[in-house]
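Hello,

Here is the structure I promised to pass on. Please open it alongside this note, and my findings follow below.

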Amino acid sequence: MILSLIEGLKTKGIKEVIIIQGPGREVEKEVENYKSDLPIKYVIQSVPRGTGDAILKAEKMIKDHFFVFNSERVDTEEYIEPIINKFKKEKSEIIILAGKTSAPWLYGILKVKKDKVIGLVEKPTRGKESSKLKIVGTYFFPKEFLNYLKRVPRSEYSLIDAILLCVKEKEVKIVDVGKETFALKYPWDMFEIRKYIFDKFLKNEISKTAEIAKSAEVKGKIFIGKNVKILGGARIKGPCYIGDDCVIGNNALVRDYTNLERKVLVGASAEVARSILQERVKIHSGYFGDSIIGDNCYIGADTVIANIRLDRGEIKSVVKGKEVYTGLKKLGAIIGKNTKIGVNVSIMPGVMIGSNCQIGPHSSVLKNIEDNAVFYTKAENVIKKNK
């Protein structure tokens with residue numbers, strides 16, 4: 001996502017990028033492998049105290065007016081020009097990108113008069129929101145805004161508090177994109193972002209070192225990385241991304257916006273549809289639809305991830321103990337890294353399984369499983385315990 005965002009910024013005349021990351025420096029390690037024409041600097045936010053605190057960490061590097069982008073804003077290049085034009089035409093010092101939402105209780109919601117911000121509420125009570133106009137996650141600030149950040153308490157909501165302080169003392173304007181934009185609040189939001197990235201950036205390219213059996217079928221817009229092996233009878237139907245060193249087994253089917261990162265193994269006769277499999281995932285025969293599977297997971301043969309309710313209704317998931325409507329009719333499982341799943345396991349739609357779990361063979365997973373759990377069902381008994 002960040003690399004796609006950087007690619008978009010390059011086309012709009014941005015001269016320098018500052019990436020604020022955690023102490024593990026994971027972003028820097030990935031981005032350093034990517035040769036960018038833009039100078040990129042890195043700042044560490046050792047404790048996650050929200051976007052406002054993150055901006056202040058970069059204070060010494062900020063020279064003048066600056067943009068702030070949430071990392072999922074891979075579509076930002078579409079809106080930079082309207083923001084710059086508004087700044088030049090109206091001399092508005094603070095500009096916030098705004099867009100419609102059908103779920104205002106999940107976002108920071110703006111109260112506006114024409115294009116001027118007169119109020120802002122973070123996650124308003126459902127049914128009591130002042131509008132359906134949300135903060136999209138793109139901002140344009142003068143350097144002076146840093147002083148407003150220093151005047152409010154450091155917290156998860158310090159950016160919102162600083163903007164509200166500005167609303168009282170000076171003019172804050174919006175650029176309304178006029179449509180609902182994607183967000184990244186829940187794991188399943190990745191599907192819409194992935195589709196945008198595939199449609200805009202995916203290259204139709206097959207590495208010269210890839211080995212594709214004569215009886216295999218590769219059809220549509222597909223990127224196939226280095227040293228990939230696609231065995232006899234396998235079918236790849238794009239758009240799809242297949243990273244370096246992946247293996248697609250005999251008679252397997254990979255299709256429709258599936259993303260396979262490096263060193264993924266898709267076993268014989270497996271079907272993977274519209275899913276995201278991170279590095280070193282190994283799956284055997286079975287069905288894996290509309291799912292996200294974390295790094296280094298292993299899933300045994302004939303496991304099935306259900307992605308549609310029996311009544312074909314909207315799929316709900318449970319987040320922090322609360323039921324959440326996903327807005328999706330198709331959603332499989334979200335599985336954390338290093339989880340091992342045995343053979344013949346059935347996983348129900350919208351279920352989330354944590355990292356470092358073990359799911360025993362023949363189990364039926366009907367509800368979320370927390371990190372580090374050992375879970376299996378035997379006859380009518382359910383056995384569940386943390387490691």
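Which residue in β8 is the bridge partner of Ala 98? It is Asp 176. Bear in mind that this is a predicted model.

Start with strand β4, residues 94-100. Six of its seven residues are buried, so the rest of the structure largely encloses β4. Two strands pair with β4. Strand β8 (residues 172-180) runs parallel to β4, and six bridges link the two. Strand β7 (residues 133-141) pairs with β4 in the antiparallel sense, over five bridges. Within β7, Leu 133 is the bridge partner of Lys 100. As background, strands of a sheet pair through backbone hydrogen bonds.

Next, the open sheet. Eight strands form it, with parallel pairing. Their order is β9-β12-β15-β18-β21-β24-β29-β32. The edges are β9 (205-206) and β32 (352-353). Each has a single partner strand, so one side of each lacks a neighbour in the sheet. At the β9 edge, two bridges join β9 to strand β12 (residues 222-224), and these two strands run parallel. There, Glu 205 stands opposite Phe 223 of β12.

Last, helix α3, residues 50-57. Which of its residues are buried? They are Gly 52, Asp 53, Ala 54, Ile 55 and Leu 56. Both strands and helices help cover these buried residues of α3: among them are β1 (17-21), β3 (66-69), α5 (145-151) and α6 (158-169).

Best wishes

Technical notes
Residues are numbered from 1 along each chain as its sequence is written. This is a predicted model: local features need pLDDT of at least 70, side-chain atom pairs count only at pLDDT 80 or more; totals for chains, interfaces and linings use all residues. Side-chain values use heavy atoms; hydrogens and water are left out. Buried means under 20% relative accessible area, exposed over 50%, partly exposed in between (1.4 Å probe, protein chains only). Helices (H or I, at least four residues) and strands (E, at least two) are DSSP runs, numbered from the N terminus. Contact means heavy atoms within 4.5 Å. Two strands pair if DSSP finds at least two bridges between them.
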